[in-house]
Amino acid sequence: MNVQAPAEVASRWHRDIYLRGNFDVADEICTPGLIAHGTGVAADAPHGPLFVRQDAAATREVFDIESMTDDDVIVSGDRVVIRWTMHGRHVGELLGVQPTGQRVSITGIDIFRMDDGRIAEFWGEYNQLDLAEQIGALGTEAASA
């Protein structure tokens, strides 16, 4: 395997897999036993690249992702932390809300633990409250009408 700098490997998670939909990259940058934690990760979620493939596919079914930027990247020891922003359109059911076509902006923070140049563990959190408000899942439009 071509060993890349940890920050570049972690950035490929966002850029290549989620933004571009190149799910095969998961096999290249993730360990077979990758463990995921965080917002929306089910207790029985699969490990390894399969988790990443399924999560990215589900995300891309809900959002037409127009851009995804790594706003801050911090590397410390075997950890890479990325604060990110995604822009896109709401095109699939989410939180019981049918597709609105609404433009959304989502922010989050991901932490990656690296092992031998690959991602072995992942923690991800994003601003669910802000997203729910943007797509009308909180009923704020009805309350203000």
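Biologist: Which residues form the aromatic cluster?

Modeller: In this predicted model, one aromatic cluster is formed by Trp 13, Tyr 18, Phe 51, Phe 112 and Phe 122. The count of aromatic pairs comes to 5.

Biologist: How do I read the geometry of a pair? Are the planes of Phe 112 and Phe 122 stacked, edge-to-face or tilted?

Modeller: Planes under 30 degrees apart count as stacked, over 60 as edge-to-face, and the rest as tilted. The ring centres of Phe 112 and Phe 122 lie 5.6 Å apart and their planes stand at 40°, so this pair is tilted. The two residues are 10 apart, with Phe 112 in strand 4 and Phe 122 in strand 5.

Biologist: Are Phe 112 and Phe 122 buried or exposed?

Modeller: Both Phe 112 and Phe 122 are buried.

Biologist: Which members of the largest nonpolar core touch the most other members?

Modeller: The core has 33 residues, and Trp 13, Val 52, Phe 63, Phe 112 and Ile 119 touch the most other members. Helix 1 (residues 6-19) gives the most to this core, with 5 residues. Beyond its sequence neighbours within four places, Trp 13 contacts residues including Ile 29, Leu 34, Phe 112 and Phe 122.

Biologist: Now the sheet. In what order do the strands stand?

Modeller: The order is 1-5-4-3-2, in an open sheet of 5 strands with mixed pairing. Strand 1 and strand 2 each have a single partner strand, so one side of each is left without a neighbour in the sheet. Strand 3 and strand 4 run antiparallel, joined by 11 bridges.

Biologist: Which strands does helix 1 lie across?

Modeller: Helix 1 lies across strands 1, 2, 3, 4 and 5, at about 170° to strand 2. Helix 4 lies across strands 2, 3, 4 and 5, at about 155° to strand 4.

Conventions:
Residues numbered from 1 in each chain as written. Predicted model: local features only at pLDDT ≥ 70, side-chain atom pairs only at ≥ 80, totals over all residues. Heavy atoms only, no water. Core = buried A, V, L, I, M, F, W, Y, C linked by side-chain atoms within 4.5 Å. Buried < 20%, exposed > 50% of the residue type's maximum accessible area, 1.4 Å probe, protein only. Helix = DSSP H or I, 4+ residues; strand = E, 2+ residues; numbered from the N terminus. Contact = heavy atoms within 4.5 Å. Phe/Tyr/Trp six-rings, centres within 6.5 Å; stacked < 30°, edge-to-face > 60°. Pairing = 2+ DSSP bridges. Axes fitted to C-alpha atoms, helices over the stretch in contact; angles between N-to-C directions.
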